[in-house]
Amino acid sequence: MTVTPLPPVATASDDLSVWPASTAEHPHGRLSVGGVPLDEVAGSHGTPVYVLDEAEVRERCRTYRDAFPEADVHYAAKAFLCRALAHWVEEEGLGLDVCSAGELELAVTTGFPAERILLHGNAKSPEDLRTALRLGVGRIVIDSPVEIARIAAAVGPGERQGVLLRVTPGIGAGSHAKIRTGSDDQKFGLSLRDGHAQHAIARILDQPRLRLTGLHCHLGSQITDIRPYLVAVRRLVGLMARTRDAHGVVLTELDLGGGHGIAYRPGDPALDLTALARRVRAELVESCAGAGLPVPRLIVEPGRAVTGPAGVAVYRVLTVKATPERFFVAVDGGMSDNPRPALYGVRYAPRLIGRRSEAAPRRATVVGRHCEAGDVLAEDVRLPSDVRPGDLLAVPVAGAYHLSMASSYNMVGRPPVVAVSDGASRLLVRRETLADLRARDVGL
């Protein structure tokens, strides 16, 4: 769908700092992304609706490619994946990491080269492994001792499957306890501290159908400090040196995972990508020189940092209600399309769009439509005091871990995804309908 461009008006730069770069404010409170007014997207596709700026996604892919010219950049599909996005990522020269047969099948049937895909997962199902081997993924990341023999037994005669070993380096990083994955007290990887990682390396090297290419770690999510990555480099290079000394094998790949933090509200901290790339490279070179090792090929796995800031969620206000303590603004979505505030306490900055209000701002709590007291999308935010049913609210930084984590709680269908670019919009993922939900129920 092509739309008529709107004339822009001046706006405070910090007000839109976490929105896609193409965002523009127009007369009468209208806001456009990718040259497409958000209220027109809502009118054409209904609400809730996710809007994804194609140019922003592509530019962020290029930024990573430029920052890490000597590394392999793999987009973390768990943040959000659809056929169009897989196509954009592939065209921009990134690889892909997936966590299931479903993500893998979607990517490969879209035309994504399987050899540029990594398969992750702390508990891969037999179907996950069969699909990965059948389609020929480039690497499988081994996450537990059980997987060593299981993968080796499934590899065909005369073939060798490239694998990485996920190591837990004993580093706690990330904005919330539930998304810290590099410490020894969680389910991922094999501990460096207690010797399990070294033992697993020996077992993998004894399997003639497995080819251990390197080590993998993932420290957590929403990390804004560079230092944990530098510590991880030193510890994993140390393990690479011990592997060489014990087995005469020089590993050629080092995957530092992702978890690169982004700003969800103006003023929030974000990871400095340029500084990260420069300091990680310097640390890797220095650590390898000290250990007498050649510098391995670096792999990084950004997810939310690629798609998060490129997405906007648009809702319609259903009710408003004042209590002695709060002013509630209830919208037609909620925790079924964005469970992150309930899971991690994430805070967003919603904005009234589609009309200009001269009313004084008021502290509000934006809540969803679901039967849960914890169904809160944004707490303690400033909205016009005359916000009313029928208004549109837009939430920026909605391109990652929204639809990918969505559910059909209360039998509310998941929202559609609409791409915008150069003044045109197109549907990428259709809305889940009541007919879809009924079709899964096969009867009494």
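The legends below accompany an overall view and several close-up views of a predicted model.

**Figure 1. Overall view of the protein, with its twelve helices and 21 strands.**
The radius of gyration is 23 Å, close to the 22 Å that the globule rule gives for 444 residues, so the protein is as compact as a globular protein of that length. Along the principal axes, the C-alpha trace spans about 70 × 55 × 45 Å, and 54% of the 444 residues count as buried. Among the contacts in the protein with a separation of 6 or more, 68% are accounted for by residues 24 or more positions apart. The accessible surface of the protein comes to about 18,700 Å², and carbon and sulfur atoms make up 51% of that surface.

**Figure 2. Close-up of the largest nonpolar core and of L165 within it.**
This core holds 127 residues, of which L38, F68, L165, L215 and V314 touch the most other members. Helix α8, which runs over residues 227–247, gives the core its largest share, namely nine residues. When residues up to four places away in sequence are not counted, the residues that L165 touches are I142, L190, A197, A200, I201, I204, L212, G214, L215 and H216; L215 thus appears here as a contact of L165 and also among the core members that touch the most others.

**Figure 3. Close-up of helix α5, residues 126–135, with its buried and exposed residues.**
The buried residues of this helix are D128, L129, T131 and A132. Seen down the axis of α5, these buried residues fall within an arc of 165 degrees, so they line one face of the helix. In general, an α-helix has 3.6 residues a turn, so residues three or four places apart point the same way. The buried residues of α5 pack against two helices, α4 (101–110) and α6 (145–154), and against two strands, β7 (117–119) and β8 (139–142). On the other side of α5, by contrast, R130 and R134 are exposed. After the helix comes G136, whose phi is positive, near 80 degrees.

**Figure 4. Close-up of the open sheet formed by strands β1, β2 and β3.**
The three strands are arranged in the order β1-β2-β3, and their pairing is antiparallel. Strands β1 (24–25) and β3 (36–37) stand at the edges, each with a single partner strand, so one side of each is left without a neighbour in the sheet. Strand β2, residues 31–33, pairs with β3 in the antiparallel sense over two bridges, and P37 in β3 is the bridge partner of S32.

**Figure 5. Close-up of G308, in the loop between α10 and β14.**
The loop that holds G308 joins α10 (304–307) to β14 (311–322). G308 counts as buried because its relative accessibility is 1%, which is under the 20% cut-off for that term. Leaving aside neighbours within four places in sequence, G308 is in contact with I262 and with V397, A398, G399 and A400. G170, in turn, is 138 residues from G308 in sequence, and the two are 28 Å apart in space, C-alpha to C-alpha.

**Figure 6. Close-up of E54 in helix α2.**
Helix α2 runs over residues 54–67 and contains E54. With a relative accessible area of 14%, E54 is buried. Once neighbours within four places in sequence are left aside, E54 is in contact with W88, V420, S421 and R426.

Definitions and conventions
Residues numbered from 1 in each chain as written. Predicted model: local features only at pLDDT ≥ 70, side-chain atom pairs only at ≥ 80, totals over all residues. Heavy atoms only, no water. Buried < 20%, exposed > 50% of the residue type's maximum accessible area, 1.4 Å probe, protein only. Helix = DSSP H or I, 4+ residues; strand = E, 2+ residues; numbered from the N terminus. Arc of directions from axis to C-beta. Contact = heavy atoms within 4.5 Å. Pairing = 2+ DSSP bridges. Rg over C-alpha atoms; globule rule 2.2 N^0.38 Å. Areas by Shrake-Rupley, 256 points an atom, 1.4 Å probe, with all protein chains shown as cover. Core = buried A, V, L, I, M, F, W, Y, C linked by side-chain atoms within 4.5 Å.
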